[in-house]
Amino acid sequence: MSRKLNYLKNPRFNSESTSLSLSLSRSSILASNMDPKNSQETLSVFCEPRELLFDAYEPGGEYALKVRITNRTATSRRIKIVPCATPYFNTVQKSFPGKKVGMLAPGMHITVFVYFTPDSLRAYEDAFTVWTDHGSLSVPVRGS
């Protein structure tokens, strides 16, 4: 190798802006965890609908709603669903669209079914959490 090689620089890597963007993304994630209104905008996943509401139910029945969780980034993300804490709500997720369990490819989505089994006509409240490698998102579930 008698001459110097000129390689193209990686456009995604800039040593000055990398540390700044990492600190901004961490602070925005911390802020999004504190403010539930902005949590959908800054995280790498999007849940649709943002809140589940079960209404017009009878005691002893079983009701289901589905939630679509979409990866909005350009890279694959590891996703874990933490189920609801109360026994009245149950979360069941469909299989992931790829071969790797827990990994969600860019633009792909998984469907999570939330089952509600009330034992009385009182109001119920809970939430399930979607964990990613960039933060967590809490999806409220209500029965009224």
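Which residue forms a salt bridge with Arg-142, with the closest N and O atoms 4.0 Å apart? I looked this up and found Glu-125 as the partner at that distance. I note at the outset that I am working from a predicted model.

**Entry on the salt bridges**

Glu-125 lies in strand β8 and Arg-142 in strand β9, so this pair ties together parts that are 17 residues apart in sequence. I then checked exposure and found that Glu-125 is exposed, with a relative accessible area of 60%, whereas Arg-142 counts as partly exposed at 28%. Glu-125 and Arg-142 belong to one network with Glu-51, joined by salt bridges that share partners.

The bridge between Arg-142 and Glu-51 has its closest N and O atoms 2.5 Å apart. I recorded that this pair links distant parts of the chain, with Arg-142 in strand β9 (residues 135-143) and Glu-51 in the loop between β1 and β2, 91 residues apart. Glu-51 is partly exposed, its relative accessible area being 42%.

My count of salt bridges comes to three, and I also looked at the one in which the side chains of Asp-133 and Arg-77 meet at 3.7 Å, N to O. Asp-133 is in the loop between β8 and β9 and Arg-77 is in strand β4, so parts 56 residues apart in sequence are tied together by this pair. Here Asp-133 is partly exposed with a relative accessible area of 47%, while Arg-77 is buried with 13%.

**Entry on Asp-126**

I next turned to Asp-126, which is found in strand β8 (residues 124-132). Which side chain of opposite charge is nearest to Asp-126? I found Arg-122, 9.6 Å away, and I noted that Asp-126 is buried yet has no salt bridge. A salt bridge requires the nitrogen and the carboxyl oxygen to be within 4 Å.

I then asked what polar partners the side chain of Asp-126 has, and found a polar contact with the side chain of Thr-86 at 2.8 Å. A polar atom of the Asp-126 side chain also lies 2.9 Å from the backbone nitrogen of Ala-85. Leaving aside residues up to four places away in sequence, I listed the residues that Asp-126 touches, among them Cys-84, Phe-89, Val-139 and Pro-140.

**Entry on Phe-128**

Phe-128 also has its place in strand β8, and I asked whether this residue is buried or exposed. Phe-128 counts as buried because its relative accessibility is 0%. I found that its C-alpha atom is separated by 5.5 Å from that of Val-139, although the two residues are 11 apart along the chain. Not counting residues up to four places away in sequence, Phe-128 touches a set of residues including Leu-52, Val-67, Ile-81, Thr-91, Val-114 and Leu-137.

**Entry on the aromatic rings**

My search of the whole structure for aromatic pairs gave seven. Tyr-88 and Tyr-124 form a tilted pair, 4.8 Å centre to centre and with 55 degrees between the planes. I noted that this pair links distant parts of the chain, since Tyr-88 is in the loop between β4 (77-82) and β5 (89-93) and Tyr-124 is in strand β8, 36 residues apart. Tyr-124 counts as buried at 3% relative accessibility.

The rings of Phe-116 and Tyr-124 have centres 5.2 Å apart and planes at 75 degrees, so I entered this pair as edge-to-face. Phe-116 is buried, as is Tyr-124. Ring pairs link Phe-54, Tyr-57, Tyr-88, Phe-89, Phe-116 and Tyr-124 into a cluster.

**Entry on the backbone**

I looked for backbone exceptions, bearing in mind that most residues other than glycine have a negative phi and most peptide bonds are trans. The peptide bond from Glu-48 to Pro-49 is cis, with omega near 0 degrees, and Pro-49 lies in the loop between β1 (45-48) and β2 (52-54). Ala-56 has a positive phi of about 55 degrees although it is not a glycine. I placed Ala-56 in the loop between β2 and β3 (63-71), and this residue counts as exposed at 74% relative accessibility.

**Entry on the whole protein**

I closed with the overall figures: the protein has two helices and nine strands, and its elements run α-α-β-β-β-β-β-β-β-β-β from the N terminus on. Of its 144 residues, 29% count as buried. Among the contacts with a separation of 6 or more, 66% are between residues 24 or more positions apart.

How values were computed: Residues are numbered from 1 along each chain as its sequence is written. This is a predicted model: local features need pLDDT of at least 70, side-chain atom pairs count only at pLDDT 80 or more; totals for chains, interfaces and linings use all residues. Side-chain values use heavy atoms; hydrogens and water are left out. Helices (H or I, at least four residues) and strands (E, at least two) are DSSP runs, numbered from the N terminus. Buried means under 20% relative accessible area, exposed over 50%, partly exposed in between (1.4 Å probe, protein chains only). Lys and Arg count as positive and Asp and Glu as negative; His and the chain ends are not counted. A polar contact is a pair of N or O atoms within 3.5 Å; within protein, one must be able to donate a hydrogen and the other to accept it, and residues adjacent in sequence count only if both atoms are side-chain atoms. Contact means heavy atoms within 4.5 Å. Rings of Phe, Tyr and Trp (its six-membered ring) pair if their centres lie within 6.5 Å; planes under 30 degrees apart count as stacked, over 60 as edge-to-face and the rest as tilted.
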